[in-house]
Amino acid sequence: MLTGLNHLTLAVTDLARSIDFYQQQLGLRLHARWNSGAYFSCGSLWLCLSVDTQVSDKRDYTHYAFSIAVSEFAGFVARLEAQGAVMWKDNKSEGESFYFLDPDGHRLELHVGDLAQRVAACREKPYAGMVFFD
């Protein structure tokens, strides 16, 4: 039986630039780096960066969301915007979210709230065809 997300690996084209972005701009904790990669943590999330010149440019809704407290949200977003963060989507769902790109175009999100809050909001205003199981 699966017990949760083990780690997330992102392909990057410029390791030094990506380390700077994830450590300095997002504030993730750097644990190790080597010629072609780096290990970070963000709470219990293990993030691996791996150099790969074949970074995909797909345009689907795949993205990676980081949790942030509501009290920290506006300031963090303002700082990202001041540093030139590129927004890839407007927030249209419940809760505060900021959708932005990392230096290699990975789609990231800052998100306030958790699954329980989202499901509660959906019970109030369900998506088309939505069925609840708990």
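**Exercise 1. Determine whether Asp102 has a salt bridge, and which side chain of opposite charge is nearest to it.**

Solution. Start with the cut-offs: buried means under 20% relative accessible area, exposed over 50%, and partly exposed in between (1.4 Å probe, protein chains only), while a salt bridge requires a side-chain nitrogen of Lys or Arg within 4 Å of a carboxyl oxygen of Asp or Glu. For charge, Lys and Arg count as positive and Asp and Glu as negative, with His and the chain ends not counted. In this predicted model, Asp102 is buried yet has no salt bridge, and the nearest side chain of opposite charge, Arg17, is 6.8 Å away. Local features need pLDDT (the predictor's confidence in each residue, from 0 to 100) of at least 70 and side-chain atom pairs count only at pLDDT 80 or more, whereas totals for chains, interfaces and linings use all residues. Residues are numbered from 1 along each chain as its sequence is written, and side-chain values use heavy atoms, with hydrogens and water left out.

**Exercise 2. Locate Asp102 and identify its polar partner.**

Solution. Asp102 sits in the loop between strand E7 (97-101) and strand E8 (107-111), where helices (H or I, at least four residues) and strands (E, at least two) are DSSP runs numbered from the N terminus. Its side chain is joined to that of Tyr22 by a polar contact of 2.7 Å; such a contact is a pair of N or O atoms within 3.5 Å, in which, within protein, one must be able to donate a hydrogen and the other to accept it, and residues adjacent in sequence count only if both atoms are side-chain atoms. Leaving aside residues up to four places away in sequence, Asp102 touches Leu10, Phe21, Tyr22 and Leu108, contact meaning heavy atoms within 4.5 Å.

**Exercise 3. Establish why Asp104 is classed as buried, and which side chains it contacts.**

Solution. Asp104 also lies in the loop between E7 and E8. Asp104 is classed as buried because its relative accessible area is 12%. Its side chain makes a polar contact with the side chain of Arg17 (3.2 Å), and another with the side chain of Ser18 (3.2 Å).

**Exercise 4. Classify Ser50 by accessibility and place it relative to Ser18.**

Solution. Ser50 belongs to strand E4 (residues 45-51). Ser50 counts as partly exposed because its relative accessibility is 28%. Between Ser50 and Ser18 there are 9.9 Å in space, C-alpha to C-alpha, although the two are 32 residues apart in sequence.
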